[in-house]
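Student: I should like a close look at a single part of this structure, taken together with whatever surrounds it. Please give one connected account.

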Amino acid sequence: MAPIVDGPYSIDVYFSCLDSTQRQLGERVGYANMVEEHDFLVYHLGSGPKFVKHAFERSCALAYPPDEESLALERAHQEGEYSTPRSSTSRRKYLGLRQTQQDRLFDEKVGPSLCLATRIGPMHTAAAYTNLTSLLLEKRQSLVGKSILLFSYGSGAASTMYRLKARGLPVTNWDKHAELDGRTYHSAAAFDALSERYASTWGKFGWTAAVEDEQPGGAYYLTECDTLGRRAYRLVKHPDMHLQGPLSIAIEDSRLSKEERALTKEGPRFDWRRVKPAEAKPPPSKQPQPPKPPKEGKKQSSKQQPPKHKQAPAPAAAPAAGGAPAAPAHDKE
């Protein structure tokens, strides 16, 4: 059975994390209005650009105090005159600036970061950083010297908000929109088949990638996933980009035990979780120390008496003349 997602609750968690990080960062750096004191704002995408607009409304609700009309509308919601969302925190968009003012600020400060997302669609881990890339592509040289407020979020939930100062432009591929224009469009049925093939290929351990089509330069590509789930990458160079990273990122075995290293060479039929850890070696046995001699004037106790050692038996005597065995030898005290 597929997991059941509680949509309204997940939205409330996102907004709660946004409120908390914005408030804490404002207290730490001493900013009263995080919206006005940053040139651009970049958000985790969520379900799409429309969701980011609601997130920006939340930021405005914290940055701008409500007026009397907004407070009256909020009281009407609390008294039940209007239908209300499940969580009271979801009504924060009714406070703060007028909608026309919010729309203008949104277009100026947030809109440039969503140009790529409108063409790509929902993302997860890469969402905030794709939006940051979009801001770089749209503003380019005019971004130098500007301040950026970035909110990164992960379901679970974990979130981070930090400030960036653009001191120069990075080395990147500025033709991202050209790459998106070169995408191959498929029908719904073909897309489902490709998705199934993708899941069956990448959703397992112990394989090496086979490249069928040309890979655009200026990026790292996944080349291998071993039986422990570790991945290796290689860099495809771009003629106009000079990245300073390594040409390949290999799988490092130095921290593995001998059993784990052997497992990676056997193939995917083994389950690394069933490998027993190496047994610890017993500590070296200590040689018995002779007892200490008793001090003068004190009687030696029975516990301090040295143990008696048996002497090895004397070798048997040589046979007497005539073949009769000799008498056994006796130890003397």
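Tutor: Let us begin at a single pair of residues in this predicted model: Val 42 stands opposite Leu 150 in strand 2. A second such pair joins Phe 40 to Ile 148, its bridge partner in strand 2. Both pairs belong to the contact between strand 1 and strand 2 (residues 147–154), which run parallel and share 4 bridges.

The side chains of strand 1, residues 40–43, cover two faces, and neither is left open. On one side lie Phe 40 and Val 42, on the other Leu 41 and Tyr 43, and all of these residues are buried.

The wider setting is an open sheet of 3 strands in the order 1-2-3, with mixed pairing. Its edges are strand 1 and strand 3 (158–165), each of which pairs on one side only. On average, and with direction ignored, neighbouring strands of the sheet are turned by 15° against each other. Helix 1, spanning residues 7–29, packs on this sheet and touches strand 1, strand 2 and strand 3. The direction of helix 1 makes about 45° with that of strand 3.

Two cysteines may be added to the picture. Cys 60 is buried, its relative accessible area being 0%. Cys 115, by contrast, counts as partly exposed, because its relative accessibility of 24% is not under the 20% that defines buried and not over the 50% that defines exposed. With a disulfide taken as a pair of cysteine sulfur atoms within 2.5 Å, the count for the model comes to 0 disulfides.

Terms used: Residues are numbered from 1 along each chain as its sequence is written. This is a predicted model: local features need pLDDT of at least 70, side-chain atom pairs count only at pLDDT 80 or more; totals for chains, interfaces and linings use all residues. Side-chain values use heavy atoms; hydrogens and water are left out. Buried means under 20% relative accessible area, exposed over 50%, partly exposed in between (1.4 Å probe, protein chains only). Two strands pair if DSSP finds at least two bridges between them. Axes are lines fitted to C-alpha atoms, for helices over the stretch in contact, and angles run from 0 to 180 degrees between N-to-C directions. Contact means heavy atoms within 4.5 Å.
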